[in-house]
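Here's a short tour of a few spots in one protein model. Have a look at the structure first, then read on.

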Amino acid sequence: MAKTPSFTCTACGASHSKWSGRCDACGEWNTIVEEAPLSAGPASKSLGASRGRAVALTDLATEETPPPRTQSGMDELDRVLGGGLVPASAILVGGDPGIGKSTLLLQAAARFAQAGLKTLYVSGEEASAQVRMRAQRLGLEQAPVQLAAETNLRDILTTLEAEKPQLVIIDSIQTMWADNVDSAPGSVSQVRAAAHELTTFAKRRGVSVVLVGHVTKEGQIAGPRVVEHMVDTVLYFEGERGHQFRILRSVKNRFGPADEIGVFEMTGGGLAEVPNPSALFLSERGEPSPGSVVFAGIEGTRPLLVEFQALVAPTPHSQPRRTVVGWDGGRLAMILAVLEARCGIPFAGLDVYLNVAGGLKVTEPAADLAVAAALLSAREDASLPAETVVFGEISLSGALRPVGQAENRLKEARKLGFNTAIVPAGGKLTGNGGLALTQMKDLASFVGELFGAV
């Protein structure tokens, strides 16, 4: 029986039962194309089941131990992967252009190859000679890594079947094209087809596949969202071009904790690991100044100290500016509203600028109290006591809520020489980490204790 044709929008990925000139989902014109069916491939026997027959979970062999992870020797990369590279896994790495994705993966390929994995680096954007030039600059010209420059997916899969590598790096997935899909390379259909075939190959042959993905101007990986669901791990390589720090962040990991981060420093010889990122992010911090507050945060399983910097100044405009770098602008608006409604501290007629030093992006609500302290410190031109860290979540009522892993935050602060911490009252603290604790029950008492009547 003939298969019903399928039509897909190359702009948004929406499926349609028939062709039309305009996509009903995104409104774009002339973006709907007919998709050819993907190859089904041989039946998988990884669960001991024949095709079309279910097997009870209790019948599976439970005495088999999971395949061992392979560690690269780059501790920061192994941490983000959950302890090392898992065989038959698919990993998607995204990041801005020029941030260092290819450099990171070439260094990782060399490390894994030196650890005993047969590694193949496939570049769809550069010739093999250009990849060798980068390897020479990084001092990796003697690494036992095989190179290939190809964009045809059929040729790549044929090469993989012949070479039988244990690790494959595809740079990048947007340059791959499948000849059975009638659309241009980089389109939604091509990206989905290439990701599906490579992920299927990884599971069928027990090969670890790393896919490099471009990102959109909003910072999301370009292409259909379903690609992120196909793979096992999604990593984002972040960083500000004005800073030498680079953050490798896990946003999805089936084999380890999500939201784990690894910190690297961009140098002339490539990316260097940063074993103590808290000290690095605070290395440029001088004497205490108004608007500067140190926040004790948690990224994944790692405690991390960063500096929040705030500037509050009168505005000549009718609409004050609210500029945020490294934090959520909507949450800043909430903190300003709570300060005005619950503490009577207005910010009308004042421009507010907030920055996370070092180019790090903080997402956890435990930074609320540190942001409020930085704003008040900048507004009143009064510095907080030296060697003090702050953390806590602020509710809309003005109450301060305890946050998780408070002991780890305090231990990290103590390790870096801090002796005082301002925290919410009522938290379940089994110890103070060697710091003098100042516990506050609400934002009003915090304002009165540190800044008096404002």
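Leaving aside neighbours within four places in sequence, which residues is Gly100 in contact with? They are Phe237, Met266 and Leu271, where contact means heavy atoms within 4.5 Å.

Before going further: this is a predicted model, where local features need pLDDT of at least 70, side-chain atom pairs count only at pLDDT 80 or more, and totals for chains, interfaces and linings use all residues. Residues are numbered from 1 along each chain as its sequence is written, and side-chain values use heavy atoms, with hydrogens and water left out.

Gly100 sits in the loop between β4 and α2, and so does Asp96, with β4 covering 90–95 and α2 covering 101–114. Helices (H or I, at least four residues) and strands (E, at least two) are DSSP runs, numbered from the N terminus. Not counting residues up to four places away, Asp96 touches Lys101, Val215 and Phe237.

Both loop residues are among those UniProt lists, in an unreviewed entry, for "binding site"; such annotations may be inferred rather than shown by experiment.

Then there's Glu76, in helix α1 (residues 75–81). Its side chain joins that of Arg302 in a polar contact of 2.9 Å (a pair of N or O atoms within 3.5 Å, one able to donate a hydrogen and the other to accept it).

How accessible are these three? Buried means under 20% relative accessible area, exposed over 50%, and partly exposed in between (1.4 Å probe, protein chains only).

| Residue | Relative accessibility | Class |
|---|---|---|
| Glu76 | 4% | buried |
| Asp96 | 36% | partly exposed |
| Gly100 | 11% | buried |
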